[in-house]
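This report goes through one protein model for a reader at the bench. Please keep the sequence and the 3D view open while reading.

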Amino acid sequence: MAVLGVSYANAQKSETGIPFVRNFYPSDYNGHTQNFDIAEDSAGNIYVANFAGVLVYNGEDWQLVLTPDISRVTSVEAGNKGQILAGGLNEIGVIKTSENGSLFYQDLKAL
C-alpha cells in the first residue's frame, strides 16, 4: 500500500527536534496510489503530482484537481510568478483558482 509523507518547512517538531511527518493513505486523499512530485505554494499549500490529477493539501483537507489533458501527472513545480505548474507526457498546464475559489487545471496551449 502506498503512503505519502508530507512535512512543511515550518512544520511542528517533535521533542527531539525532528520535523513531524504524517503518512497519508490513498483513502485519505482519494487519489491514485502513485505520487511523483511535490511542490509548495507561498500560502503553504502542498501540491502532489498523482496519476489521478493534482492533489492539493491545505493542512486539513485534500482536494483532487482533475487534469483532463494529462492522463498521468508526474511533475508539479512552483513557478516564479507564484503559479503551480503541472505536467505529464507531452503536456503542461497551470493550476488556477476560479472566481468562486475552486481550483482547476488549464492547459498552457489554451492560453
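The text below covers the model and its confidence, the fold, the nonpolar cores, two buried residues, the charged residues and two backbone angles.

**Model and confidence**

This is a predicted model, in which local features need pLDDT of at least 70 and side-chain atom pairs count only at pLDDT 80 or more, while totals for chains, interfaces and linings use all residues. Residues are numbered from 1 along each chain as its sequence is written, and side-chain values use heavy atoms, with hydrogens and water left out.

The average pLDDT (the predictor's confidence in each residue, from 0 to 100) is 85, and 86% of the residues score at least 70. Residues 6-10 fall below 50, and this stretch has 14 contacts in the model beyond near neighbours in sequence. A contact here means heavy atoms within 4.5 Å.

**Fold**

The protein has one helix and ten strands. Helices (H or I, at least four residues) and strands (E, at least two) are DSSP runs, numbered from the N terminus. Along the sequence the order is β-β-α-β-β-β-β-β-β-β-β. Of the 111 residues, 34% are buried; buried means under 20% relative accessible area, exposed over 50%, and partly exposed in between, with a 1.4 Å probe and protein chains only. Among contacts between residues at least 6 apart in sequence, 29% join residues at least 24 apart.

**Nonpolar cores**

In soluble globular proteins, nonpolar side chains tend to be buried together. A nonpolar core is taken as a set of buried Ala, Val, Leu, Ile, Met, Phe, Trp, Tyr and Cys residues joined through side-chain atoms within 4.5 Å. The largest one holds 13 residues, and Val54, Val73, Val76, Ala86 and Ile95 have the most contacts inside it. Strand 4 (46-50), strand 5 (53-57) and strand 8 (84-88) each give two or more residues to this core. Another core, of seven residues, lies apart from it and includes Phe24, Val48, Leu55 and Tyr57.

Val73 can be followed through its neighbours. Leaving out residues up to four places away in sequence, Val73 touches Phe36, Ala49, Asn50, Phe51, Gly53, Val54, Thr67, Ala86 and Gly87.

**Two buried residues: Asn50 and Tyr57**

Asn50 sits in strand 4 and is buried, with a relative accessible area of 0%. Its contacts, apart from neighbours within four places in sequence, are Tyr29, Gly31, His32, Gln34, Asn35, Leu55 and Val73.

Tyr57 belongs to strand 5 and is buried at 5% relative accessible area. Its C-alpha is 5.0 Å from that of Ile46, although the two are eleven residues apart in sequence. A polar atom of the Tyr57 side chain lies 3.0 Å from the backbone oxygen of Gly59.

**Charged residues around Lys109**

How many salt bridges are there? The count is one, taking a salt bridge as a side-chain nitrogen of Lys or Arg within 4 Å of a carboxyl oxygen of Asp or Glu. The pair is Glu91 and Lys109, at 3.1 Å from N to O. Glu91 is in strand 9 and Lys109 in the segment after strand 10, so the bridge ties together parts that are 18 residues apart in sequence. Glu91 is buried, with a relative accessible area of 18%, whereas Lys109 is exposed at 63%.

Asp107 is in strand 10 (residues 103-107). Asp107 is buried but has no salt bridge, and Lys109, the nearest side chain of opposite charge, is 4.4 Å away. For charge, Lys and Arg count as positive and Asp and Glu as negative; His and the chain ends are not counted. The Asp107 side chain does reach the backbone nitrogen of Lys109, at 2.8 Å. Beyond residues up to four places away in sequence, Asp107 touches Asp69, Glu91, Ile92 and Gly93.

**Positive phi outside glycine**

Most residues other than glycine have a negative phi. The table lists two residues with a positive value.

| Residue | Phi | Loop | Relative accessibility |
|---|---|---|---|
| Asn30 | about 55° | between helix 1 (26-29) and strand 3 (35-40) | 61%, exposed |
| Asn90 | near 60° | between strand 8 and strand 9 (91-97) | 69%, exposed |

Conventions:
Polar contact = N/O pair within 3.5 Å; in protein donor to acceptor, adjacent residues only side chain to side chain.
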